[in-house]
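These exercises ask you to read a protein model step by step. Try each task before reading its solution.

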Amino acid sequence: MEILSVQTQETSEADPAAAIERLALKLLAIREHARRELARKLAARGFAEADIDAALDRLAAEGSIDEARLAEHYVAERMGKGFGPLRIRGELREKGLEDDLVERALEPLRDEWPACLADVHDRRFGAEPPVDHAEYGRRARFLEQRGFPTDSIRRVLRWPD
(Lines give C-alpha, C1' and ligand atoms only; values in the text may rest on other atoms or scores of the structure.)
Protein backbone atom coordinates (compact mmCIF):
# COMPACT_ATOMS: atom_id res chain seq x y z
CA MET A 1 0.00 0.00 0.00
CA GLU A 2 2.88 2.35 0.70
CA ILE A 3 4.06 2.29 -2.91
CA LEU A 4 0.58 3.22 -4.12
CA SER A 5 0.50 6.28 -1.86
CA VAL A 6 4.00 7.17 -3.04
CA GLN A 7 2.79 6.95 -6.63
CA THR A 8 0.15 9.65 -6.18
CA GLN A 9 2.53 11.96 -4.34
CA GLU A 10 5.42 11.50 -6.77
CA THR A 11 3.56 11.69 -10.06
CA SER A 12 2.07 15.01 -8.99
CA GLU A 13 5.44 16.58 -8.10
CA ALA A 14 6.80 19.38 -10.27
CA ASP A 15 10.14 17.62 -10.84
CA PRO A 16 9.38 14.18 -12.29
CA ALA A 17 13.09 13.26 -12.50
CA ALA A 18 13.50 13.61 -8.74
CA ALA A 19 10.33 11.62 -8.13
CA ILE A 20 11.47 8.89 -10.51
CA GLU A 21 14.89 8.64 -8.89
CA ARG A 22 13.37 8.54 -5.40
CA LEU A 23 10.95 5.75 -6.33
CA ALA A 24 13.65 3.83 -8.21
CA LEU A 25 15.94 4.03 -5.17
CA LYS A 26 13.11 2.74 -2.96
CA LEU A 27 12.65 -0.22 -5.30
CA LEU A 28 16.40 -0.84 -5.37
CA ALA A 29 16.51 -0.75 -1.57
CA ILE A 30 14.09 -3.69 -1.50
CA ARG A 31 16.15 -5.76 -3.97
CA GLU A 32 18.42 -5.40 -6.99
CA HIS A 33 16.60 -4.66 -10.24
CA ALA A 34 17.62 -4.71 -13.86
CA ARG A 35 17.21 -1.47 -15.75
CA ARG A 36 14.37 -2.92 -17.84
CA GLU A 37 12.51 -4.02 -14.69
CA LEU A 38 12.78 -0.56 -13.18
CA ALA A 39 11.67 1.10 -16.42
CA ARG A 40 8.61 -1.16 -16.60
CA LYS A 41 7.63 -0.51 -12.97
CA LEU A 42 8.10 3.24 -13.30
CA ALA A 43 6.15 3.39 -16.57
CA ALA A 44 3.31 1.52 -14.88
CA ARG A 45 3.18 4.34 -12.33
CA GLY A 46 2.57 6.90 -15.05
CA PHE A 47 5.99 8.43 -15.59
CA ALA A 48 7.07 9.50 -19.09
CA GLU A 49 9.53 7.22 -20.87
CA ALA A 50 12.00 10.03 -21.59
CA ASP A 51 12.04 11.05 -17.91
CA ILE A 52 12.50 7.43 -16.86
CA ASP A 53 15.43 6.91 -19.24
CA ALA A 54 17.19 10.07 -18.03
CA ALA A 55 16.73 9.18 -14.37
CA LEU A 56 17.89 5.60 -14.88
CA ASP A 57 20.94 6.83 -16.79
CA ARG A 58 21.90 8.95 -13.77
CA LEU A 59 21.33 6.08 -11.35
CA ALA A 60 23.42 3.74 -13.51
CA ALA A 61 26.21 6.32 -13.75
CA GLU A 62 26.37 6.66 -9.96
CA GLY A 63 26.34 2.87 -9.51
CA SER A 64 22.88 2.43 -7.99
CA ILE A 65 21.87 0.24 -10.92
CA ASP A 66 24.50 -2.42 -11.47
CA GLU A 67 23.30 -5.29 -13.62
CA ALA A 68 26.56 -7.24 -13.19
CA ARG A 69 26.06 -7.16 -9.42
CA LEU A 70 22.44 -8.22 -9.90
CA ALA A 71 23.44 -11.15 -12.12
CA GLU A 72 26.11 -12.43 -9.71
CA HIS A 73 23.83 -12.15 -6.69
CA TYR A 74 20.87 -13.71 -8.50
CA VAL A 75 22.90 -16.66 -9.80
CA ALA A 76 24.32 -17.41 -6.34
CA GLU A 77 20.89 -17.11 -4.70
CA ARG A 78 19.08 -19.32 -7.21
CA MET A 79 21.85 -21.90 -7.25
CA GLY A 80 21.61 -22.05 -3.47
CA LYS A 81 17.92 -22.82 -3.82
CA GLY A 82 18.66 -25.71 -6.16
CA PHE A 83 18.01 -24.24 -9.59
CA GLY A 84 20.16 -25.05 -12.58
CA PRO A 85 21.95 -22.88 -15.12
CA LEU A 86 19.33 -23.19 -17.87
CA ARG A 87 16.52 -21.91 -15.70
CA ILE A 88 18.64 -19.15 -14.15
CA ARG A 89 19.79 -18.05 -17.60
CA GLY A 90 16.18 -17.80 -18.75
CA GLU A 91 15.09 -15.87 -15.67
CA LEU A 92 17.90 -13.35 -16.07
CA ARG A 93 17.04 -12.87 -19.75
CA GLU A 94 13.44 -12.19 -18.74
CA LYS A 95 14.71 -9.49 -16.42
CA GLY A 96 16.34 -7.85 -19.43
CA LEU A 97 19.99 -8.69 -18.85
CA GLU A 98 22.28 -9.09 -21.85
CA ASP A 99 23.44 -12.60 -22.74
CA ASP A 100 27.13 -11.83 -22.25
CA LEU A 101 26.45 -10.47 -18.77
CA VAL A 102 24.45 -13.57 -17.87
CA GLU A 103 27.20 -15.86 -19.17
CA ARG A 104 29.86 -13.98 -17.18
CA ALA A 105 27.80 -14.52 -14.02
CA LEU A 106 27.27 -18.23 -14.72
CA GLU A 107 30.82 -19.07 -15.86
CA PRO A 108 32.61 -19.02 -12.45
CA LEU A 109 30.18 -21.67 -11.17
CA ARG A 110 30.54 -23.99 -14.17
CA ASP A 111 32.38 -26.65 -12.17
CA GLU A 112 29.86 -26.50 -9.30
CA TRP A 113 26.71 -27.37 -11.30
CA PRO A 114 27.20 -31.18 -11.20
CA ALA A 115 27.46 -31.11 -7.39
CA CYS A 116 24.43 -28.83 -7.18
CA LEU A 117 22.45 -31.19 -9.42
CA ALA A 118 23.43 -34.23 -7.34
CA ASP A 119 22.49 -32.41 -4.14
CA VAL A 120 19.07 -31.39 -5.51
CA HIS A 121 18.44 -34.96 -6.65
CA ASP A 122 19.50 -36.51 -3.37
CA ARG A 123 17.46 -34.08 -1.26
CA ARG A 124 14.37 -34.82 -3.30
CA PHE A 125 14.74 -38.52 -4.11
CA GLY A 126 17.54 -39.92 -1.96
CA ALA A 127 20.84 -41.36 -3.16
CA GLU A 128 19.41 -44.52 -4.72
CA PRO A 129 19.12 -44.63 -8.52
CA PRO A 130 15.68 -44.97 -10.13
CA VAL A 131 14.30 -48.51 -10.21
CA ASP A 132 12.33 -48.34 -13.49
CA HIS A 133 11.67 -46.14 -16.51
CA ALA A 134 8.69 -44.42 -14.95
CA GLU A 135 10.72 -43.37 -11.93
CA TYR A 136 13.59 -42.31 -14.17
CA GLY A 137 11.21 -40.14 -16.19
CA ARG A 138 9.68 -38.57 -13.11
CA ARG A 139 13.08 -37.66 -11.71
CA ALA A 140 14.37 -36.42 -15.05
CA ARG A 141 11.33 -34.15 -15.55
CA PHE A 142 11.74 -32.68 -12.08
CA LEU A 143 15.42 -31.92 -12.66
CA GLU A 144 14.71 -30.48 -16.13
CA GLN A 145 12.11 -28.14 -14.62
CA ARG A 146 14.75 -27.02 -12.15
CA GLY A 147 16.90 -26.00 -15.11
CA PHE A 148 19.60 -28.65 -15.40
CA PRO A 149 20.93 -29.88 -18.77
CA THR A 150 19.78 -33.28 -20.01
CA ASP A 151 23.27 -34.78 -20.28
CA SER A 152 24.01 -33.86 -16.65
CA ILE A 153 20.70 -35.37 -15.54
CA ARG A 154 21.55 -38.65 -17.30
CA ARG A 155 24.88 -38.82 -15.48
CA VAL A 156 23.26 -38.23 -12.08
CA LEU A 157 20.48 -40.73 -12.66
CA ARG A 158 23.02 -43.34 -13.84
CA TRP A 159 20.69 -44.90 -16.38
CA PRO A 160 22.31 -46.62 -19.35
CA ASP A 161 21.72 -44.86 -22.69
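**Exercise 1. The largest core**

Task: In this predicted model, find how many residues the largest nonpolar core has and which of them have the most contacts inside it.

Solution.
Step 1. The largest nonpolar core has 28 residues.
Step 2. Val75, Ile88, Leu92, Leu97 and Trp113 have the most contacts inside this core.
Step 3. Two or more residues of this core come from each of α5 (67–80), α6 (85–94), α7 (99–106), α8 (113–125), α9 (133–145) and α10 (150–157).
Step 4. A separate, second core has 14 residues, including Ala19, Ala24, Leu38 and Ile52.
Step 5. As a general background, nonpolar side chains in soluble globular proteins tend to be buried together.

**Exercise 2. The surroundings of Ile88**

Task: List the residues in contact with Ile88, leaving aside neighbours within four places in sequence.

Solution.
Step 1. Ile88 is among the residues with the most contacts inside the largest core.
Step 2. With the sequence neighbours set aside, Ile88 is in contact with Tyr74, Val75, Arg78, Met79, Phe83, Leu106 and Trp113.
Step 3. Two names on this list, Val75 and Trp113, also belong to the residues with the most contacts in the core.

**Exercise 3. The chain as a whole**

Task: State how many helices and strands the protein chain has, and what percentage of its residues count as buried.

Solution.
Step 1. There are 10 helices and zero strands in the protein chain.
Step 2. Read from the N terminus, the order of elements is therefore written with helices throughout: α-α-α-α-α-α-α-α-α-α.
Step 3. The protein chain has 161 residues, and 41% of them count as buried.
Step 4. Among contacts with a separation of 6 or more, 58% join residues 24 or more positions apart.
Step 5. The exposed area of the protein chain is about 9,400 Å², of which carbon and sulfur atoms supply 51%.

**Exercise 4. How α6 and α7 meet**

Task: Describe the crossing of α6 and α7 and name the residues that meet there.

Solution.
Step 1. The two axes come within 10 Å and cross at roughly 145°.
Step 2. The crossing of α6 past α7 is right-handed.
Step 3. On the α6 side, the residues are Pro85, Ile88, Arg89, Leu92 and Arg93.
Step 4. On the α7 side, they meet Asp99, Val102, Glu103 and Leu106.
Step 5. One of these residues, Leu106, was also listed as a contact of Ile88.

**Exercise 5. His33: buried or exposed?**

Task: Decide whether His33 is buried or exposed, and find the polar partners of its side chain.

Solution.
Step 1. His33 is found in the loop between α2 (16–30) and α3 (35–44).
Step 2. Its relative accessible area is 1%; buried means under 20%, so His33 is buried.
Step 3. A polar atom of the His33 side chain lies 2.9 Å from the backbone oxygen of Arg31.
Step 4. The side chains of His33 and Lys41 make a polar contact at 2.8 Å.
Step 5. Not counting residues up to four places away in sequence, His33 touches Leu27, Leu28, Leu38, Lys41, Ile65 and Leu70.
Step 6. Of these, Leu38 is included in the second core.

**Exercise 6. Two charged-type names in loops**Task: Place Lys95 and Arg45 in the chain, and decide whether each is buried or exposed.

Solution.
Step 1. Lys95 is in the loop between α6 and α7.
Step 2. The relative accessibility of Lys95 is 13%, so Lys95 counts as buried.
Step 3. The side chain of Lys95 makes a polar contact with the side chain of Glu37 at 3.1 Å.
Step 4. Beyond residues up to four places away in sequence, Lys95 touches Arg31, Ala34, Arg36, Glu37 and Tyr74.
Step 5. Arg45 is in the loop between α3 and α4 (49–61).
Step 6. With a relative accessible area of 16%, Arg45 is buried.
Step 7. The side chain of Arg45 reaches the backbone oxygen of Lys41 at 3.0 Å.

**Exercise 7. Ala127 and Ala29**

Task: Decide whether Ala127 and Ala29 are buried or exposed.

Solution.
Step 1. Ala127 is in the loop between α8 and α9, and Ala29 is in helix α2.
Step 2. Exposed means over 50% relative accessible area.
Step 3. The value for Ala127 is 53%, so Ala127 is exposed.
Step 4. The value for Ala29 is 66%, so Ala29 is exposed.
Step 5. Ala127 touches Asp122 and Arg158, not counting residues up to four places away in sequence.
Step 6. From C-alpha to C-alpha, Ala29 and Ser64 are 9.6 Å apart in space, while they are 35 residues apart in sequence.

Definitions and conventions. Residues numbered from 1 in each chain as written. Predicted model: local features only at pLDDT ≥ 70, side-chain atom pairs only at ≥ 80, totals over all residues. Heavy atoms only, no water. Core = buried A, V, L, I, M, F, W, Y, C linked by side-chain atoms within 4.5 Å. Buried < 20%, exposed > 50% of the residue type's maximum accessible area, 1.4 Å probe, protein only. Helix = DSSP H or I, 4+ residues; strand = E, 2+ residues; numbered from the N terminus. Contact = heavy atoms within 4.5 Å. Polar contact = N/O pair within 3.5 Å; in protein donor to acceptor, adjacent residues only side chain to side chain. Areas by Shrake-Rupley, 256 points an atom, 1.4 Å probe, with all protein chains shown as cover. Axes fitted to C-alpha atoms, helices over the stretch in contact; angles between N-to-C directions. Left-handed = near helix turned anticlockwise from the far one by under 90°.
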